[in-house]
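Grab a pencil and have a go at these exercises on a protein model. Try each task yourself before you read the solution.

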Amino acid sequence: MKLRFLLILLTSIAFSNHRSYYSVGDTLSLEDQNLEYNVCHSDGNYEIGDSFSFFNCNGAVNGGDYKVSLISMNATWWPACYDYISLMDSLMNYTTQNEDIEFIVSLDYSLEEFSDYECLEWGNLYEELGLYGNNPLIINGDTDFDSDGYYDHYIWNMFAGSTYSSYAIIDHNMVVQYLF
């Protein structure tokens, strides 16, 4: 019993810094809504090189274009993310039928320079592995916002913080509704 309690306590302490910034019910700050991420795979609405921000989904501040955001956070080096591509392609097939839903893939790379897949290759996996061959909007979730030379994994830290593949649903008012 003491050993179990000690293991739980040590695990809680060890991983306490790896929780997400946001919890269910939290509203994204305007600062986080305005962060711009590089689009590295086109979905037809955004082109490669465009900027994406959650501001684009908040109708209260962007002129009335409200969207629900479904975010799939993937790591190119984690096998489970690869395994979920066909499932996400099927889900995306539904979401693309509703213009009020923005399906977003936030792609994180390895901590080293080598990555198993580059962004365009990851996007092409939807066509190869998925039943529907959708083209997801993929943004670079590894932007170095603090300019320290290291990936920030900012979207992952905002909504997951502990595991890949992770998913978040943000409603049209920028309130986090679901984290899984």
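**Exercise 1: Strands side by side**

Five bridges join β3 to β6, and these two strands run antiparallel. Before we go on, note that the model is predicted: local features need pLDDT of at least 70, side-chain atom pairs count only at pLDDT 80 or more, and totals for chains, interfaces and linings use all residues. Residues are numbered from 1 along each chain as its sequence is written, and side-chain values use heavy atoms, with hydrogens and water left out.

Task: Find the partners of β6, and work out whether β6 is enclosed.

Solution. Step 1: get the terms straight. Helices (H or I, at least four residues) and strands (E, at least two) are DSSP runs, numbered from the N terminus. Two strands pair if DSSP finds at least two bridges between them.

Step 2: look towards β3, where Ser72 stands opposite Tyr167 of β6.

Step 3: look towards β7. Three bridges link β6 and β7, again antiparallel, and Ile169 sits opposite Tyr178 of β7. The two strands form a hairpin with five residues between them, and Met174 in the turn has a positive phi of about 70°.

Step 4: check burial (buried means under 20% relative accessible area, exposed over 50%, partly exposed in between, with a 1.4 Å probe and protein chains only). Four of the five residues of β6 are buried, so the strand is largely enclosed by the rest of the structure.

**Exercise 2: The whole sheet**

Task: Write down the strand order and name the edge strands.

Solution. Step 1: the sheet is open, has seven strands and mixed pairing, and its order is β2-β1-β5-β4-β3-β6-β7.

Step 2: β2 (51-52) and β7 (176-179) are at the edges with a single partner strand each, so one side of each has no neighbour in the sheet.

Step 3: zoom in on β1 (residues 37-41) and β5 (residues 137-140), which run antiparallel and are joined by two bridges. Here Val39 has Ile139 of β5 as its bridge partner.

Step 4: add a helix. α5 (residues 85-95) packs on the sheet and touches β3 (68-75), β4 (101-108) and β6 (166-170); contact means heavy atoms within 4.5 Å.

**Exercise 3: Two helices**

Task: Which side of α5 is buried, and how does α5 cross α6?

Solution. Step 1: list the buried residues of α5, which are Ile85, Met88, Asp89, Met92 and Thr95. They cover an arc of only 115° around the axis, which puts them on the same side of α5; the arc is that of the directions from the helix axis to the C-beta atoms.

Step 2: recall the helix rule. An α-helix has 3.6 residues a turn, so residues three or four places apart point the same way.

Step 3: find what the buried residues pack against: β3, α4 (79-83), β4, α6 and β6.

Step 4: compare the axes, which are lines fitted to C-alpha atoms, for helices over the stretch in contact, with angles from 0 to 180 degrees between N-to-C directions. The axes of α5 and α6 come within 9 Å and cross at roughly 80°. The two helices are therefore roughly perpendicular to each other (angles under 35 degrees count as roughly parallel, over 145 as roughly antiparallel, 65 to 115 as roughly perpendicular and the rest as oblique).

Step 5: name the contact residues. Ile85, Ser86, Met88 and Asp89 of α5 meet Trp122, Leu125, Tyr126 and Leu129 of α6.
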